[in-house]
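Visitor: Hi! Could you walk me through how the two chains meet?
Guide: Happy to, let's pull it up.

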Amino acid sequence: MILTGMKIAEEVSNNKITIDPFNKEQVTTNTYDLTLNESLLEYTEDIIDTKKENPYVYHKIPENGFMLKKGQFILGCSNEIIGSDFYEPLIHAKSGIARLGLFVHVTADLIDIGFKERTTFQLYATQNVKLYKNQKIGQVSFWQPQGEINLYAGKYMGADLPTASKVHKDFEK
Amino acid sequence: MILTGREIMNEVTEGNITISPFISEHVNPNSYNYTLDKWLKILKIDSRGKQVVENVEIPESGYILKKDQLYLGNTTEIIGSDVYSMRLIGRSSIGRYANFSRPRSCWFLS
């Protein structure tokens, strides 16, 4: 079961869904539009070792835009803090963005129930694409869960910037 | 409707979902973490233009995936259900390294 846009807005008023800041004009038929924050994160090594923490740098999108080159991969995040203790959020591209050959997530679109932060976008360009801060880039849908809920308390809690992979922590267990 | 991690666990116990081996630490709030088995298949075109498949065993020291190359791998776990449709998703930690765990065919219908 997927929530309609009207139901998303209603559940934001009921505090069952967090979308902050919330702007009525960003409600679509059955999603909420997410905008791109100015911070971007880029890994600096040629080879990524999943067992290690990999170095990265932050960039800020300038007023005249940031060119993401064909084949380039970078992390961004939404301006909006999103999440819910009652519904499961799923991240999608805006179709207008997908039509430019830009991925906003690479394989991982499911957000854990209970995770409430600025969502990290995994931006991958199949051709040269210029990005602007605060532009609408993605959308989030909310799904009804079935079963008893255990809220997220994992390793990405507390994210307010694009957050690099912490997969190396899986090897520490 | 998406099952919560608890409900996935209940349905494994009930026999409505198969996850084998099943490790309770792999249960998330609303998914189950699968792991990578040791074999990779690399699809290549040989000098005569014929498609060939190379099998690689991932060594203890790890294996480097090359940019723009498609690899097939499989889960260690046997996963399935006669009752629920499954959706295969990569882990966000892996997506954050631009590794597509499933470029196509993400839906498995029971």
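Visitor: So how many residue pairs are in polar contact between chain B and chain A?
Guide: There are 15 such pairs, both residues at pLDDT 80 or more. A polar contact is a pair of N or O atoms within 3.5 Å; within protein, one must be able to donate a hydrogen and the other to accept it, and residues adjacent in sequence count only if both atoms are side-chain atoms. This is a predicted model, where local features need pLDDT of at least 70 and side-chain atom pairs count only at pLDDT 80 or more, while totals for chains, interfaces and linings use all residues. Side-chain values use heavy atoms, without hydrogens and water, residues are numbered from 1 along each chain as its sequence is written, and chains are lettered from A and ligands numbered from 1 in the order in which they are written.

Visitor: Which element gives the largest share of chain B's side?
Guide: That is α2(B), with four residues; helices are DSSP runs of H or I, at least four residues, and strands are runs of E, at least two, numbered from the N terminus.

Visitor: And how many salt bridges cross over?
Guide: Three, counting a side-chain nitrogen of Lys or Arg within 4 Å of a carboxyl oxygen of Asp or Glu. One joins B:R6 and A:E148, with the closest N and O atoms 2.3 Å apart.

Visitor: Do strands meet too, and which way do β12 of chain A and β1(B) run?
Guide: They run parallel, joined by two bridges; DSSP must find at least two for strands to pair. Here A:P145 sits opposite B:I2.
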